[in-house]
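Q: Could you take me through one part of this structure slowly? I am new to this and would like a close look at how two neighbouring helices meet.
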Amino acid sequence: MSSLRDRLDRLRAHARPPEPALGGDADATAESAEDTGHSAVGGEASRKAVSAGDSGAGPAKPSGLHPALTALGVEEIAGESGSFLRRRAVYPLEHRHGHYVLSELTRCAGLLRPIAVRQNRVRIEADPAVAPADIEAHRLLFLDTETTGLGVGTGNLPFMIGFGYVDAAAGTFTVEQLLIRHPGEERAMLAYLLGRFAGITHLVTYNGRSFDWPVLTSRFVLNGWRPSGVEPGHLDFLHPSRALWKNTLPSCRLSRIEEDRLGIFRGEDVPGSLAPELYMRYLSDGDASHLRGVYVHNERDILTLASLTVHFGGVLEGRLGAEWALPSEPEELFRTAAWLDEHGGSIHAERLFAALCAETTPGGAWLLPAAARFKRLGRYDEAAELWERAASLAESRLLPSAEAHIELSMHYEHRRREPAVALDYAQRALGLLQRRTSLRQSDRTRAELDAVRHRMARLRRKVEATERLG
Amino acid sequence: MNPWTGKAATMEEWLEHLRLNREIMENVTYWHTQPARPARTAPFPPELDQRLSDALGARGVVSLYTHQAAAFEAVREGRHVVTVTPTASGKTLCYNLPVLQRLLTDPSARALYLFPTKALAQDQVAELQELADAMEVDIKTHTYDGDTPPTVRQVIRNAGHIVVTNPDMLHSAILPHHTKWVKLFENLKYIVIDELHAYRGVFGSHVANVIRRLKRICAFYGSAPQFLCASATIANPREHAERLIEASFALVDDNGAPAGEKHLVFYNPPVVNRQLGIRRSSVLESQKLAALLLRSGIQTIVFARSRVRVEILLTYLQELTKREFGPKSIRGYRGGYLPKLRREIEKGLRSGEIRGVVSTNALELGIDIGQLQACVLNGYPGSIASTWQQSGRAGRRHGSSVTFLVASSNPLDQYLIQHPDYFLGRPPEEARIHPDNLLILLDHIKCAAYELPFEAGDTFGGEKLVDLLEFLAEEKVLHENGGRWYWMEQAFPAHGISLRSAAQENFVIIDMTDGHRVLGEVDRFGAPTLIHEEAIYLHEGVQYQVEKLDYPEKKAYVREVNVDYFTDASLAVELKVLHVDKERESPGGAIVRQYGELMVTAKPTIFKKMRLRTHENIGSGPIHLPEEELHTSGYWFSFSEEAAAVRSANDMQSALLGLANVLVHLAPLHLMCDPMDICVVPQVKAVHTKQPTIYFYDRYPGGIGLSQRLYDKHDELLAEAGRLIEGCGCLSGCPACVGPIEEVGLLGKDLALGLLQKTAGAAG
């Protein structure tokens with residue numbers, strides 16, 4: 001038997017070829033990562049080099065931190081369970097991030113109650129006392145982690161934990177970013193983070209409910225802490241963002257929302273997906289300049305969480321159509337209005353629905369659900385108006401739906417008591433369904449066809465009866 | 001026998017009737033009867049919880065079988081226990097009893113049950129829940145597998161007393177997320193592993209590593225659970241348990257369960273051409289016997305060795321008996337059927353609604369289908385243990401049962417059918433694993449590092465761990481800092497590692513006859529020969545033709561057809577020796593054998609169309625698929641120039657081919673492995689040795705110790721081959737020894753034997 005080392009080497013030689021496609025791609029990404037890494041850092045790096053030189057000349061140069069880190073204002077924190085790095089940036093509340101100013105956080109935080117109630121239902125039901133749904137800006141922690149991998153398994157390590165918080169008295173918004181220089185520093189960083197949780201009621205995140213928090217929970221357990229059963233509440237903006245923008249933005253990635261809805265332009269930015277790669281490069285060569293882009297990216301993410309707080313607070317407060325312009329696309333207008341409806345904002349939703357009804361464009365998928373809302377509220381005339389529009393849209397479609405026609409047929413039969421009109425709509429519905437069947441057969445359309453025929457027979461009897469009477 | 005319906009009142013009556021049937025009895029080479037065995041019992045242990053004994057009493061259980069009592073006692077002493085008893089001997093109570101006893105006295109305790117398949121896990125939960133309900137105690141048993149809804153998962157993690165799962169789920173879902181299972185791991189008292197014998201070969205080697213990981217996680221949470229294992233009959237249960245778990249075990253093998261009388265009938269299909277040694281097809285004979293049983297009202301299971309055979313037999317049987325039975329009363333059962341369909345079939349068998357089932361060894365495991373009365377084995381299942389396991393499907397505690405072993409024309413079957421004493425007198429095979437296969441070990445070290453960092457001084461497996469960790473650090477998979485090795489890759493390692501085979505992904509079969517419907521799946525290994533384009537794929541007795549095989553997307557699109565043939569594909573295999581680790585020369589120098597590393601490239605070449613029933617070749621076509629590479633371990637022996645010199649190249653070719661045909665059947669017998677796990681390739685002038693050579697290799701990357709074992713047993717293997725050829729009754733070679741004369745020539749038999757006697761004889 002050959003030595004273990006020989007066998008491993010042969011394994012390596014033969015393990016390589018089978019995955020050329022994958023390996024090739026990975027290399028390509030790595031290279032482009034290097035490019036972006038350099039171009040993002042390039043100019044800055046030279047500036048930092050100067051400042052590092054400056055501080056190096058100064059008298060009290062703290063420890064042997066990499067110049068790229070000192071340039072970023074990173075300091076070493078030493079505690080009972082070891083040391084790690086912390087960077088702190090303090091913003092005055094007057095700071096503007098895109099459309100919004102941080103000082104608005106104080107007022108807007110409280111407006112998010114309906115989101116908090118919805119997202120923390122299980123927890124609030126379990127123990128209303130420890131889980132207040134009331135929200136105060138200074139008891140929020142705006143949290144975003146950068147991890148070494150995907151998923152929430154035990155091998156995914158958050159190497160950077162960034163969080164922001166409001167100090168109303170000082171009039172500041174502070175961003176802290178904790179970094180570990182190697183996995184051995186994790187415990188100290190987590191202990192520090194735990195200290196920061198004191199007095200916090202909610203974590204404000206983007207996908208934190210199913211990513212950042214489960215990952216952190218796992219890390220606490222791995223380092224010997226046990227879940228107490230009491231967790232901070234969540235304000236996770238991923239779900240509200242999807243509710244509003246899923247159909248009108250190409251994606252619901254934070255950077256997309258920033259540019260298209262929050263007025264934030266990052267310029268050169270290291271995409272979050274490259275963070276693991278950059279950290280691993282730092283681990284292998286110790287060059288902290290790889291991390292500059294990650295710091296910047298993470299800090300902006302945290303500021304954007306503050307912007308989202310203001311944005312959703314404003315939406316719930318009814319600012320759309322008042323101080324703020326209404327969404328320009330009917331689809332988004334409808335989704336926003338429907339979201340407001342679900343979050344106790346029906347009064348404000350009204351204005352949006354009114355704007356929607358005033359839309360002159362032919363309409364779209366939103367017509368039927370919007371009509372259904374008016375029907376639910378007993379406002380049949382408004383509903384009928386939308387059905388009419390949906391009906392004429394349907395007639396121009398290759399594969400039409402007969403739903404609007406059937407609604408109208410019911411409307412004229414039962415509420416307006418005009419069986420002849422109702423019959424006409426039913427007749428047209430039948431035509432549409434037949435056109436549909438000729439293109440695609442399905443059990444559903446067959447059932448629908450039967451139902452329409454049944455309806456027509458009844459309506460014919462009614463029409464005949466009316467004629468006899470007349 | 002009821003003269004009007006043809007139904008037999010009892011099995012005894014049916015067997016009486018059979019003995020008078022000359023047409024059948026002519027082909028019976030041996031009739032073995034195992035007498036009925038009475039129960040041996042022991043009283044409930046005095047410390048057994050009253051609630052437990054009451055609940056058992058309510059089910060009519062008032063005492064334990066001796067093996068159940070022995071297992072209880074061994075667990076009480078704190079030992080790891082492995083119980084070995086045949087099918088239907090009440091072995092689940094051997095582990096359920098101590099587990100429930102503990103949970104009754106300590107509600108915070110937890111137990112983890114592992115079964116090789118999901119189906120087994122579900123049966124188990126039903127049984128445990130029934131007992132808990134009968135005791136009116138709050139003991140929660142849950143299955144945790146791919147089908148468990150996400151909402152339920154969290155409840156199970158925190159509150160399930162007994163979590164029932166499979167090794168794959170443990171590997172890819174539980175261990176990598178162990179922090180969600182704090183309650184389970186901190187309080188884990190028992191780990192139950194049933195069907196221990198199923199964890200052998202590649203699968204077993206993987207599972208041994210999953211258990212290494214499991215023990216590591218338990219240690220992290222401060223628990224040291226006891227392992228309670230159960231196995232079907234194998235030769236080395238304790239050794240196997242100890243290799244798999246890496247701990248010392250107490251063995252409980254004194255079976256106290258009663259059994260009814262059992263008949264094992266050896267059946268050899270009649271010879272239709274004596275000179276060519278051709279017998280009637282075993283498929284047709286199995287079908288005849290099964291139809292005879294089914295028509296007499298006897299619930300019957302038929303085992304066939306391949307998926308294709310299952311489907312062919314199913315088609316024949318359904319056709320033969322369609323007047324007596326509805327189309328749903330005779331079913332197929334094999335891997336590749338979707339779980340829902342399988343559950344439906346299992347249920348139908350238990351209720352008796354389904355009268356007959358044709359299965360691969362998928363039903364060999366303890367899936368609950370009740371006890372049937374008769375079993376027909378189409379061909380020797382490949383190992384003594386499997387044979388007993390499959391025939392155990394027929395057999396009740398009271399009343400008789402019968403198993404027919406229908407020999408196929410392959411050499412091993414013919415050897416066994418003519419030497420029943422060899423079969424009956426031999427202990428069942430050993431289960432072997434090779435958990436330190438470098439590839440398997442490395443894969444699991446990655447997974448383990450993902451779960452918890454390694455520390456200096458840790459051990460994992462039989463190789464020097466620190467070397468492997470350093471290797472992985474060089475590969476930038478791990479990161480070393482302060483004597484600890486951390487996972488440092490973006491990927492989730494368990495996703496890329498399948499415990500079941502080298503194949504990472506299965507091919508999905510999509511039926512396009514009416515819309516798109518997922519029909520089943522085939523592992524990557526079977527894909528090139530089973531679902532190449534134009535192949536006829538059989539599913540539940542229905543023929544489908546593969547229209548398109550999307551190799552990169554792992555999808556095969558099929559459409560229902562009705563043709564009178566099936567397809568059979570061939571592979572072209574090339575071998576390259578990379579490294580020789582061991583070498584030995586036979587005393588006379590006529591044979592040199594070597595063991596080392598091989599690179600095998602396999603490429604499917606052509607497929608043949610074979611007419612149904614007659615199995616004649618009616619056409620062929622090419623297969624265009626990429627070749628597959630396999631880096632594995634192998635053993636080969638070559639004949640010296642002197643031995644080769646006296647024969648023409650043609651004669652040598654025939655001799656080698658004949659010998660290889662025999663060895664391909666004998667090798668799995670010695671290894672107790674699936675015949676698919678080991679390959680045999682003869683070459684008249686091998687590239688590596690320049691001599692006539694026969695190669696064996698493990699069909700798994702890195703090898704799993706099979707060819708290494710053959711290298712050690714070389715002499716015994718060749719001696720056995722000689723005996724088999726010599727003992728065959730044919731004139732000059734037949735499918736039952738060196739192969740049919742069309743393949744090895746008129747002198748094939750003499751040439752093979754001559755070669756062996758000249759060389760190996762000298763060695764002996």
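A: Here is a walk through one pair of helices, with a short look at a chain contact afterwards. Please keep in mind that this is a predicted model.

Let's start with helix H4 of chain B, which covers residues 66–76, and helix H5 of chain B, which covers residues 92–105. Their axes come within 9 Å and cross at roughly 40°. An angle under 35 degrees would count as roughly parallel, so with its crossing of roughly 40° H4(B) is oblique to H5(B). As for handedness, H4(B) passes H5(B) in a right-handed crossing.

Now find the residues where the two helices meet. On the H4(B) side, look for B:His67, B:Gln68, B:Ala71, B:Phe72 and B:Val75. Across from them, H5(B) brings B:Leu93, B:Cys94, B:Leu97 and B:Pro98. Sorted by class, this contact has 7 nonpolar and 2 polar residues, and no charged ones.

You can read the contact between the chains in a similar way. There, 31 residues of chain B are in contact with 28 residues of chain A. Several elements of chain B give two or more residues to this side, among them helix H18 (438–451), helix H19 (465–474) and strand E27 (565–585). H18(B) gives the most, with 4 residues. By class, the side of chain B that touches chain A has 13 nonpolar, 9 polar and 9 charged residues. Charged residues therefore appear on that side of chain B, while the contact of H4(B) with H5(B) has none.

Terms used
Residues numbered from 1 in each chain as written. Chains lettered and ligands numbered in written order. Predicted model: local features only at pLDDT ≥ 70, side-chain atom pairs only at ≥ 80, totals over all residues. Contact = placed C-beta atoms within 7 Å. Axes fitted to C-alpha atoms, helices over the stretch in contact; angles between N-to-C directions. Parallel < 35°, antiparallel > 145°, perpendicular 65-115°, else oblique. Left-handed = near helix turned anticlockwise from the far one by under 90°.
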